[in-house]
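Here's a quick walk through a small protein model, from its overall make-up down to a few side chains. Have a look at it first.

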Amino acid sequence: MKNSHRLHKSRREALPSGARVAGLYHGAFLADAFAIDLPQGATRDVLALARFAFERPAP
């Protein structure tokens, strides 16, 4: 049975300068930012993407 879900390689990104968590605790690094390229036709709905990611954590 062929798995129709392809794994997408993530890449580290700089934390957005407007991220509010960046300056909360001086000297502590509490945030990471990663990105993937979405496949053609994938939703751009941020809430749906977040729900998908957090409801199905990686093994």
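Of the 59 residues in the protein chain, 5% count as buried, where buried means under 20% relative accessible area, exposed means over 50%, and partly exposed is anything in between (1.4 Å probe, protein chains only). Keep in mind that this is a predicted model, where local features need a pLDDT of at least 70, side-chain atom pairs count only at pLDDT 80 or more, and totals for chains, interfaces and linings use all residues. Residues are numbered from 1 along each chain as its sequence is written, and side-chain values use heavy atoms, with hydrogens and water left out.

**Confidence and layout**

The average pLDDT (the predictor's confidence in each residue, from 0 to 100) is 77 for the protein chain, and 81% of the residues score at least 70. Helix 1 gets the highest confidence, at 89, while strand 2 gets the lowest, at a mean of 83.

The secondary structure comes to 1 helix and 2 strands, counting DSSP runs numbered from the N terminus (helices are H or I with at least four residues, strands are E with at least two). Along the sequence, that reads β-β-α.

As for surface, the protein chain exposes about 6,000 Å², with carbon and sulfur atoms supplying 58% of it; accessible areas come from the Shrake-Rupley method with a 1.4 Å probe, and for residues only the protein chains shown count as cover.

**The helix**

How many of the 10 residues of helix 1 are buried? The number is 0, so helix 1 lies largely in the open. Its N-terminal end is capped by Asp 45, which places a side-chain oxygen 2.9 Å from the backbone nitrogen of Leu 47.

**Salt bridges**

Take a salt bridge as a side-chain nitrogen of Lys or Arg within 4 Å of a carboxyl oxygen of Asp or Glu. By this rule the count comes to 3 salt bridges, set out here:

| Pair | N to O distance |
|---|---|
| Arg 11 and Glu 13 | 3.0 Å |
| Arg 11 and Asp 37 | 3.3 Å |
| Glu 55 and Arg 56 | 3.9 Å |

The Arg 11 and Asp 37 side chains meet in a salt bridge. That pair ties together distant parts of the chain, 26 residues apart: Arg 11 sits in strand 1 (residues 11-13), and Asp 37 sits in the loop between strand 2 (33-35) and helix 1 (46-55). Arg 11, Glu 13 and Asp 37 are linked in a network of salt bridges.

Are the members of this network buried or exposed? Arg 11 is partly exposed because its relative accessibility is 36%, and Glu 13 is partly exposed at 36%. Asp 37 reaches 53%, so it counts as exposed. In the Glu 55 and Arg 56 pair, Glu 55 is exposed at 52%, whereas Arg 56 is partly exposed at 49%.

**Around Glu 13**

Glu 13 lies in strand 1. Besides the salt bridge, its side chain makes a polar contact with the side chain of Arg 11 at 3.0 Å. A polar contact here is a pair of N or O atoms within 3.5 Å; within protein, one must be able to donate a hydrogen and the other to accept it, and residues adjacent in sequence count only if both atoms are side-chain atoms.

Which residues does Glu 13 touch, leaving aside its neighbours within four places in sequence? Glu 13 is in contact (heavy atoms within 4.5 Å) with Ala 33, Phe 34 and Ala 35. Glu 13 and Ala 35 are 22 residues apart in sequence, and their C-alpha atoms are 6.5 Å apart in space.

**The loop between the strands**

Leu 15 is found in the loop between strand 1 and strand 2, and is partly exposed at a relative accessible area of 32%. Its C-alpha lies 7.4 Å from that of Ala 31, 16 residues away in sequence.

Ala 19 is found in the loop between strand 1 and strand 2; at 22% relative accessibility, Ala 19 counts as partly exposed. Ala 19 and Ala 31 are 12 residues apart in sequence and 9.3 Å apart, C-alpha to C-alpha.

Val 21 has its place in the loop between strand 1 and strand 2 and is partly exposed at 35%. Together, Leu 15, Val 21, Leu 24 and Tyr 25 make a nonpolar surface patch of about 370 Å². Patches are made of residues with over 30% relative accessible area and no salt bridge, joining like charges within 9 Å and nonpolar side chains (Val, Leu, Ile, Met, Phe, Trp, Tyr) within 5 Å.
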